[in-house]
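Work through the exercises below with the sequence and the model open side by side. Each task is followed by a solution in steps.

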Amino acid sequence: MGRSEPVALPIVAVVGRPNVGKSTFVNRIAEARDAIVHETRGVTRDRSYHRSEWNGRAFMLVDTGGIESGAEDAFTGHIRKQVVAAAEEADAIVLLVDGTTGPLGGDAEVARMLKRGGKRVFLVVNKLDTPGREDAAHEFWSLGLGDPWPVSSLHGHGTGDLLDALVAALPEIPDVEEPGEIGVAIIGRPNAGKSSLLNRLCGVERAIVSEVAGTTRDAIDTVVERDGVRYRLVDTAGLRRASKIDDSVEYFGFVRAMKAIDRASVVLLMVDSTIGVTDQDQRVARFAEERGCAMVVLLNKWDEAGDAERKETLVADAAEKLQFVSFAPLLRVSALTGSGIDRVLDAVDTCYAAYTGTTATGALNRLLADLRAGGHTVSKGKATLRLAYATQTHHAPPGFTFFANHPRLVDDGYRRFLENRLRERFDLAGTPVILKFRSKE
């Protein structure tokens with residue numbers, strides 16, 4: 001289907017035990033609050049990528065889940081696997097340890113894993129928040145990873161010297177402009193199959209796939225290239241109704257999902273066919289539509305949707321409940337089996353072309369001439385609406401301005417009529433359109 005890669009930047013993986021401050025460290029280095037910072041064990045489960053820069057050198061930080069020794073749970077094995085994958089793809093590794101506790105068994109286990117990999121490892125002793133306590137880092141020599149770097153992620157102490165050494169150890173990258181990417185946010189309610197779709201599109205196990213709701217807490221970026229086109233896929237946390245978000249960790253994941261929609265051009269709305277379109281799905285679709293994203297609706301788990309009559313009802317129900325985004329094509333897929341997945345990126349291409357396309361002014365005004373000949377308009381008292389001229393005034397999404405004698409006469413019904421005529425005449429599948437009306441004077 002394609003190949004998965006982060007971006008064409010050096011990779012720095014941040015690994016370590018739970019609660020040593022990895023996400024705080026990432027936020028400090030990336031100068032952004034992208035990673036979830038919370039004391040709950042296992043908050044960061046998947047790898048999450050954060051573009052960073054120091055002294056003019058750009059690189060990608062990879063925040064990973066904490067590796068624990070001893071107790072096992074539903075995620076421990078997955079997290080360890082993800083950390084190993086992050087270390088394998090990294091150009092350098094930061095092993096973060098807690099300077100307030102001294103070396104623990106889990107630190108030694110992680111150190112042994114990393115030494116076997118043969119990558120450059122920076123042993124960073126975190127939480128040395130009080131100046132003068134740097135000597136506490138010396139006891140970590142026992143891990144056999146060379147000089148410890150004492151830092152305070154909370155206050156920033158020591159991070160500058162560390163970054164100087166870190167970027168010096170990274171490979172040089174060509175000073176060329178990166179090709180454009182299509183931002184694609186994968187959204188939907190928990191367990192709709194978003195991570196399974198991401199893995200299927202990538203062709204590799206990129207995110208943890210689990211039946212436990214809320215597995216994807218952070219938004220995760222993956223770049224897939226196909227036929228020379230690059231797609232930045234963002235798998236987001238499942239979006240629940242606000243009243244159901246009573247866990248602060250899930251709340252922050254929800255906020256990041258909103259941000260993922262904000263920076264996406266195309267949204268893939270995953271709907272669980274075994275359930276149908278829910279209130280949450282409608283809210284998510286409305287949120288994306290209001291932000292002007294192109295959209296494809298994926299009826300996932302189609303192989304489990306039931307008999308032909310049930311499937312026909314499901315499609316009709318989806319069309320009715322999502323009629324406010326009726327421009328979005330609807331695909332029947334199964335992310336688990338791969339059925340229909342080959343059509344997903346084709347649909348993204350089509351929607352993106354419409355989303356960024358230009359409609360010639362002459363073609364728009366020929367449409368207006370045909371509409372005038374048809375006689376359909378609106379009137380109020382002695383005033384009758386006449387559209388004199390139209391031009392495209394916005395892209396991504398496309399926006400059209402119509403100059404009229406009485407723009408105040410345009411009501412919702414006529415706006416819908418005009419949008420439908422535009423969609424019939426021009427290739428606007430998958431994208432919202434913006435209609436504005438101004439006085440011809």
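**Exercise 1. Surroundings of one residue**

Leaving aside its neighbours within four places in sequence, which residues is Asp 107 in contact with?

Solution. The model is a predicted one. Start with the position: Asp 107 belongs to helix 3. Next, list the partners that remain once neighbours within four places are set aside: Arg 17, Val 97, Gly 102, Phe 140 and Leu 143. Last, check the accessibility. The relative accessible area of Asp 107 is 0%, so the residue is buried, the cut-off being under 20%.

**Exercise 2. The helix around it**

Describe helix 3 by its length, its buried residues and what comes just after it.

Solution. Helix 3 covers residues 105–117, which is 13 residues. From the first C-alpha to the last it reaches 19 Å, close to the expected 18 Å. The buried residues in helix 3 are Gly 106, Asp 107, Glu 109, Val 110, Ala 111, Met 113 and Leu 114. Just after the helix comes Gly 118, with a positive phi of about 75°.

**Exercise 3. Backbone angles in two loops**

Take Lys 301, Ala 396 and Pro 397, and state for each what the backbone does and where the residue lies.

Solution. Begin with Lys 301. Its phi is positive, about 60°, although Lys 301 is not a glycine. Lys 301 sits in the loop between strand 12 (294–300) and helix 8 (308–321). With a relative accessible area of 18%, Lys 301 counts as buried.

Then take Ala 396. Its phi is also positive, near 55°, in a residue other than glycine. The loop between strand 16 and strand 17 holds Ala 396. Its relative accessible area is 33%, so Ala 396 is partly exposed.

Finally, look at the bond that follows. Ala 396 and Pro 397 are joined by a cis peptide bond, with omega about 5°. Pro 397 lies in the loop between strand 16 (387–394) and strand 17 (399–404).

**Exercise 4. A pair of helices**

How do the axes of helix 10 and helix 11 cross, and which residues meet?

Solution. Identify the two elements: helix 10 spans residues 361–374 and helix 11 spans residues 412–425. Their axes come within 11 Å and cross at roughly 125°. An angle between 115 and 145 degrees is classed as oblique, and therefore helix 10 and helix 11 are oblique to each other. As for handedness, helix 10 passes helix 11 in a right-handed crossing.

Now list the residues that meet:

- from helix 10: Leu 364, Arg 366, Leu 367, Asp 370 and Leu 371;
- from helix 11: Phe 417, Leu 418, Arg 421, Leu 422 and Arg 425.

One of the helix 10 residues, Leu 364, is also touched by Thr 359. Thr 359 lies in the loop between helix 9 (344–356) and helix 10. Not counting residues up to four places away in sequence, Thr 359 also touches Gln 392, Phe 400 and Phe 426. Thr 359 is buried, at a relative accessible area of 11%.

**Exercise 5. Buried or exposed, and what lies around**

Carry out the same kind of analysis for Phe 437 and His 157.

Solution. Phe 437 is in strand 18 (residues 434–439). A relative accessible area of 15% makes Phe 437 buried. Beyond residues up to four places away in sequence, Phe 437 touches Leu 387, Phe 402, Pro 407, Val 410, Arg 415 and Leu 418. Of these, Leu 418 appears in the helix 11 list of the previous exercise. Phe 437 and His 406 are 31 residues apart in sequence, with 8.9 Å between their C-alpha atoms.

His 157 is in the loop between strand 7 (148–150) and helix 4 (159–168). At a relative accessible area of 36%, His 157 is partly exposed. With residues up to four places away left out, its partners are Leu 128, Asp 129, Pro 131, Pro 150, Val 151 and Ser 152. His 157 and Asn 126 are 31 residues apart in sequence and 9.6 Å apart in space, C-alpha to C-alpha.

**Exercise 6. The whole chain**

How many helices and strands does the chain have, and what percentage of its residues is buried?

Solution. Count the elements: there are eleven helices and 18 strands. Of the 441 residues in the chain, 53% are buried. For contacts with a separation of 6 or more, 71% are between residues 24 or more positions apart. The accessible surface is about 19800 Å², and carbon and sulfur atoms account for 48% of that surface.

Notes: Residues are numbered from 1 along each chain as its sequence is written. This is a predicted model: local features need pLDDT of at least 70, side-chain atom pairs count only at pLDDT 80 or more; totals for chains, interfaces and linings use all residues. Side-chain values use heavy atoms; hydrogens and water are left out. Helices (H or I, at least four residues) and strands (E, at least two) are DSSP runs, numbered from the N terminus. The expected span of a helix is 1.5 Å times one less than its number of residues. Buried means under 20% relative accessible area, exposed over 50%, partly exposed in between (1.4 Å probe, protein chains only). Contact means heavy atoms within 4.5 Å. Accessible areas come from the Shrake-Rupley method with a 1.4 Å probe; for residues, only the protein chains shown count as cover. Axes are lines fitted to C-alpha atoms, for helices over the stretch in contact, and angles run from 0 to 180 degrees between N-to-C directions. Angles under 35 degrees count as roughly parallel, over 145 as roughly antiparallel, 65 to 115 as roughly perpendicular and the rest as oblique. A crossing is left-handed if the near helix is turned anticlockwise from the far one by less than a right angle, and right-handed if clockwise.
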